[in-house]
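Visitor: Hi, I'm new to this one. Could you walk me through it?

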Amino acid sequence: MDDKNLYEALSYAPKHVNDIMTEALKEAAFAYCEGYKHFLDVGKTEREAAAQALAQAQAAGFVCVSDKDTLSAGDKVYALNRGKAIAFAVIGRDSILNGINLVGAHIDSPRLDLKQRPLFEEESMAWLKTHYYGGIKKYHWTATPLAMHGVICRTDGKTVHICVGEDESDPVFTITDLLPHLSQEQMQKQLSAAFNAENFHILCGSLPMGGEDIKEKVKFGVLSLLKDKYQITEEDFTSAEIELVPAAKARDVGFDRSMIGAYGQDDRVCAYAALKAFIDASGEGVPDRTYICVLVDKEEIGSMGNTGMRSRFFELFLSELAAKSAGACDFLTLNQILSKSKCLSADVGAAFDPHFPEVSDKKNFAFCGCGILVTKYTGSRGKADSSDANAEFVAEVRAIFNKNDVLWQTGELGKVDAGGGGTIAQYVANLGVDVIDCGTPLLSMHSPFEIANKFDAYMTYKAYHAFYLSK
Ligand code: MN
Ligand code: MN
């Protein structure tokens, strides 16, 4: 071996997809992304994404786990948690007591939620008050068309579903912004202070209704329309979950269509990959090891609540699988299963943006086109709030990816002390499971138009598929 070959054999740098590009790979990645874009368009909220996942799984023959008394190898089951989180399992040939393979993603995204008493009238216009959800840059959300999705739960037990602004013929909503001509003072403010989220009011009407005895005629007009269309009154907003999201659909980006631009790719790019790989694998015969896909809510606000990863939902599902397939679900058994299980925390990471090189260590940052991003630890201020995957497990994952031609790269969320963030990994790790963050790198993460490279999205799918079926 000459020095050049020896150097190449000894040194490491992630490959770029353009180094291994073939027509077949391009076709496969682009075809995969057509399904992904559809998933983005029909699943803009956690409830809609969970419903989509459920429909796809049911079409693939999955049944509700509570409908089964016992489980045996090859059985395909799911559990839905309040319509906002969902878990699926394929029972393997080996006993579940030997552990499971898990891929976990989240299906909530940053957005604006309506307050409990949102509606008011000012200057003969009707407005809805909001409270933002998750990490947003506020200037992204003004003067742009927004769609309204969600549920209103009435006291008669009925739930009204709302989706306005997605169809071409629908009206949309918006938050107004100050014209530049009069923005001298606003322009001097710090970005964090220039946009007051308390003033994030959704413009929702301007036509009056009623005679002189009605003080707020436009509000009356809106309430009257809501009554006609949804059979609700103003009080019903107090038991509603209504989310404002960008009204646009997922689009190809670039002359060559090599990227996808859309709202909610954090984390639906991973959630879709986890789901699609799961369903595809479930059609490829009975696996050795039981594998599970879990899609959860509330990651963007810390995984709290009974639909987030910190809830008991996953443990409950696993206990039910153990009870029905191995006849045991006591505390010791459950914890033994967890300690023998492994998980990919399927979440996005930041991709290198050449316009903001100052936030990254280029040798330890993800690049668009270099495949799925493997992040050993997240956190901030010296890895705080990170689970930091065990090196043994990282090696195992690396071996699975290499064996299955998965293009992968490593990367941290920014250079040391630049900021940071977390995922569901730490909560899975706390259960005793070996876990590492593995997901698609994004540009413009948490913006209304996040960018993913189609090959990275496809490699994410390939990675999860290989991991589900690994021994
Ligand atoms: Mn995420
Ligand atoms: Mn996020």
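**A first look**

Guide: Happy to. Let's start with a strand pair: β7 and β10 run antiparallel and are joined by 7 bridges. Helices (H or I, at least four residues) and strands (E, at least two) are DSSP runs, numbered from the N terminus, and two strands pair if DSSP finds at least two bridges between them. This is a predicted model, in which local features need pLDDT of at least 70 and side-chain atom pairs count only at pLDDT 80 or more, while totals for chains, interfaces and linings use all residues. Residues are numbered from 1 along each chain as its sequence is written, chains are lettered from A and ligands numbered from 1 in the order in which they are written, and side-chain values use heavy atoms, with hydrogens and water left out.

Visitor: Which residue in β10 is the bridge partner of leucine 146?

Guide: That is proline 246. β10 also runs antiparallel to strand β5 (residues 111–122), with 2 bridges joining them. There, aspartate 113 has glutamate 243 of β10 as its bridge partner.

Visitor: And how many residues of β10 are buried?

Guide: 5 of the 7 residues in β10 (residues 240–246) are buried, so to speak under cover. Buried means under 20% relative accessible area, exposed over 50%, and partly exposed in between (1.4 Å probe, protein chains only).

Visitor: New topic: what coordinates the manganese ion (ligand 1)?

Guide: His106 (NE2), Asp266 (OD), and Asp347 through two OD entries coordinate the manganese ion (ligand 1), at 2.1 to 2.6 Å. Donors are N, O and S atoms within 2.8 Å of the metal (3.2 Å for Na, K and Ca); water is not among the atoms, so sites may look incomplete. Along the sequence, the donor residues of this ion are spaced H-x159-D-x80-D. Histidine 106 in strand β4 (residues 101–106) and aspartate 266 in helix α7 are 160 residues apart, a pair that links distant parts of the chain.

Visitor: What about the manganese ion (ligand 2)?

Guide: The manganese ion (ligand 2) is coordinated by Asp266 (OD), Glu300 (OE, listed twice) and His446 (NE2), at 2.1 to 2.6 Å. Aspartate 266 bridges the two manganese ions, ligand 2 and ligand 1, which lie 3.4 Å apart. Because aspartate 266 lies in helix α7 (residues 265–282) and histidine 446 in the loop between β19 (441–443) and β20 (450–453), this pair ties together parts that are 180 residues apart in sequence.

Visitor: Is aspartate 266 buried or exposed?

Guide: Aspartate 266 counts as buried, at 3% relative accessibility. Histidine 106 is buried too.

Visitor: OK, pockets. What is the volume of the largest pocket?

Guide: About 1100 Å³. Of the 37 residues lining the largest pocket, Ala350, Leu413, Ser444, Met445 and His446 are the closest to its centre. On a 1 Å grid over the protein atoms alone, a cavity is a set of points where a 1.4 Å probe fits but cannot get out, and a pocket is an open set with protein on both sides within 12 Å along at least five of seven lines; lining residues have an atom within 4 Å of a point. Grid points are joined across faces, edges and corners, and a volume is the space filled by probe spheres set on the points.

Visitor: Where does the largest pocket lie?

Guide: The largest pocket lies between domain 1 (12–109 + 263–468) and domain 2 (111–246), because both give residues to its lining. The domain bounds come from an automatic or database domain assignment.

Visitor: And the second largest pocket, how much space is in there?

Guide: About 500 Å³. Of its 25 lining residues, Phe173, Cys204, Val222, Leu225 and Leu226 are the closest to the centre of the second largest pocket.

Visitor: Which element gives the most to that lining?

Guide: α6 does, with 7 residues.

Visitor: Last one: what is the strand order in the open sheet of 5 strands?

Guide: The order is β11-β12-β20-β19-β15, with mixed pairing. β11 (251–253) and β15 stand at the edges, each with a single partner strand, so one side of each is left without a neighbour in the sheet. β11 pairs with strand β12 (residues 259–262) in the antiparallel sense over 3 bridges. One of the bridge partners there is isoleucine 260 in β12, which goes with aspartate 252.
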